[in-house]
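Welcome to a short tour. Keep your viewer open and select along with each stop.

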Amino acid sequence: GPMTHRLSRRGLLAAGASAAALSALPRTGFAADPWKDVRGLDLELLIWDGGAFVDGMMAAVQAEWSAVGGGRLSFRKSPFGELDRAVRSANQGGVGPDVFLANAPNVITYKTLGLIEPVTDMFSQEDLDDFFPVVREGSLIDGEFYGPSTNENGQALYYDRRLTERHGIEPPRSLADAWTWAQWLEVFQEIQAAERARRGTDRFWALYPNMGNTGLFFSGVYPRTAGAAGSKAWKMVSDDGMTTEGHLNSAESLAGLQLMQDIHHAHGIAPVSQQRDMFYNDQVAFFCGVPIYRNPILEARPEIELATAPIPYIETPVIHTGSFAWLVNRQTAKMEEAKLFVKFMGSARGNDPIARGWSSLPIRRSMLADRPEFLEGPMKLFADATLEWSALRPKTPGFSELDAIWARLEADVVSGGEVKALTDDAVRRIDAQLRRYA
């Protein structure tokens, strides 16, 4: 399918060579061979059940892990919607899997519940500095590091340059030239009207904002971008992770939520429908997305002149990034081996097959040199945005509850309900859930 990416033998060798070069560098507190203590024990991993797509990546990981002396990896799989519950209940009725592959915003949840072991001693300060900001910050809690991510994303607007040129429009190509929502709205309305006239149909829209089924990842940016950096709107949740009151329902945040509604109704430049293939079918001009969409877009529209633009912002540019995180089960009987495996998955050698498999950014800045597609052209914007604009989704132990209530709020706002009343109600419900972790 469009989402699989087979690593060539050359790619694997190159990844191994660059990893070998990296591991040969002298590091504070590390022997020249970082894998000398790997014992070859079997390890069980709880992972997201992503079908053949994830199975292929894990087969590549097994090959690399075996090459440094690692043992057999076995897998307990969970559908994404049930992954949080699977991690929480992993040790009921006996010790569960040695390692968890969990949704990255939930690292703080599992730390709060006492389910995971820190791996701080497995990573040097140089390692932490090399990680992209969200990879590091999501897993750094109370001075301890709990595990690296699988990949990074970045967000940008995909579009067909032939369409913008047809209407004499030149969207910004760099973060430095990024447009605000006010600037974009004029362009969105102009392009939509012109294309509808040209096509003789009103079934064409300017923007597919990618809402529905992704929780806070895309749509959670709307209330946050409306606030100044560090403001309550921008934070969404209080610093202690325990309340959204005065944050999610602050005046700025409500303005962002109102915009989220207006693009579908008052401005009418985004479809209320949530059919994810609208850009693949050439029914929208701009598509808010992540790097993994590139290959399916090119398969669906081979004639496209694919380009990207920075996503619009109101007051402060912000995008959500982050993916899954590798975590050690605090109750594993194979603690040292499990920690070494997580260290391996945070190395260039362990991360490369995963990041490439996801057609995504790697987790380390130093790995970008081996990914030329992110160094120039339309995909460079994803790397730039990850380095300069990225923010964690709100860091709260009750992330799953926040995300679920947000998804409902998003749907109600997009369908045209009264924004302030809906948001105040959501805030009450979210805070009741967050208090359970106090």
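Leaving aside its neighbours within four places in sequence, which residues is Phe341 in contact with? Select Phe341 in this predicted model and look around its ring. Its partners beyond those neighbours are Leu43, Leu45, Val61, Trp65, Leu73, Val99 and Trp326.

Keep Trp326 and Phe341 highlighted: within the largest nonpolar core, which has 131 residues, these two touch the most other members. The largest share of this core comes from helix α17, residues 399-414, which supplies seven residues.

**Next stop: helix α17**

Show α17 on its own. This helix has 16 residues and reaches 22 Å from its first C-alpha to its last, close to the 22 Å expected at 1.5 Å a residue. Now colour its buried residues: Phe399, Glu401, Leu402, Asp403, Ile405, Trp406, Leu409, Glu410, Val413 and Val414. As you turn the view, remember that an α-helix has 3.6 residues a turn, so residues three or four places apart point the same way. After the helix comes Gly416, with a positive phi near 110°.

**Last stop: the largest pocket**

Select Phe80, Asn103, Asn213, Thr214 and Phe324, which lie nearest the centre of the largest pocket among its 39 lining residues. The volume of this pocket is about 1,200 Å³.

Which helix gives the most to the lining of the largest pocket? You have met it already: α17, with six residues. Helices α3 (83-88) and α9 (216-219) each supply at least two residues as well. Finally, colour the lining by class to find 19 nonpolar, 12 polar and eight charged residues.

Methods. Residues numbered from 1 in each chain as written. Predicted model: local features only at pLDDT ≥ 70, side-chain atom pairs only at ≥ 80, totals over all residues. Heavy atoms only, no water. Core = buried A, V, L, I, M, F, W, Y, C linked by side-chain atoms within 4.5 Å. Buried < 20%, exposed > 50% of the residue type's maximum accessible area, 1.4 Å probe, protein only. Helix = DSSP H or I, 4+ residues; strand = E, 2+ residues; numbered from the N terminus. Contact = heavy atoms within 4.5 Å. 1 Å grid on protein atoms, 1.4 Å probe; cavity = no way out; pocket = protein on both sides within 12 Å on 5 of 7 lines; lining within 4 Å. Points joined across faces, edges and corners; volume = space filled by probe spheres on them. Nonpolar A, V, L, I, M, F, W, Y, C, P; charged D, E, K, R; others polar. Expected span 1.5 Å × (residues − 1).
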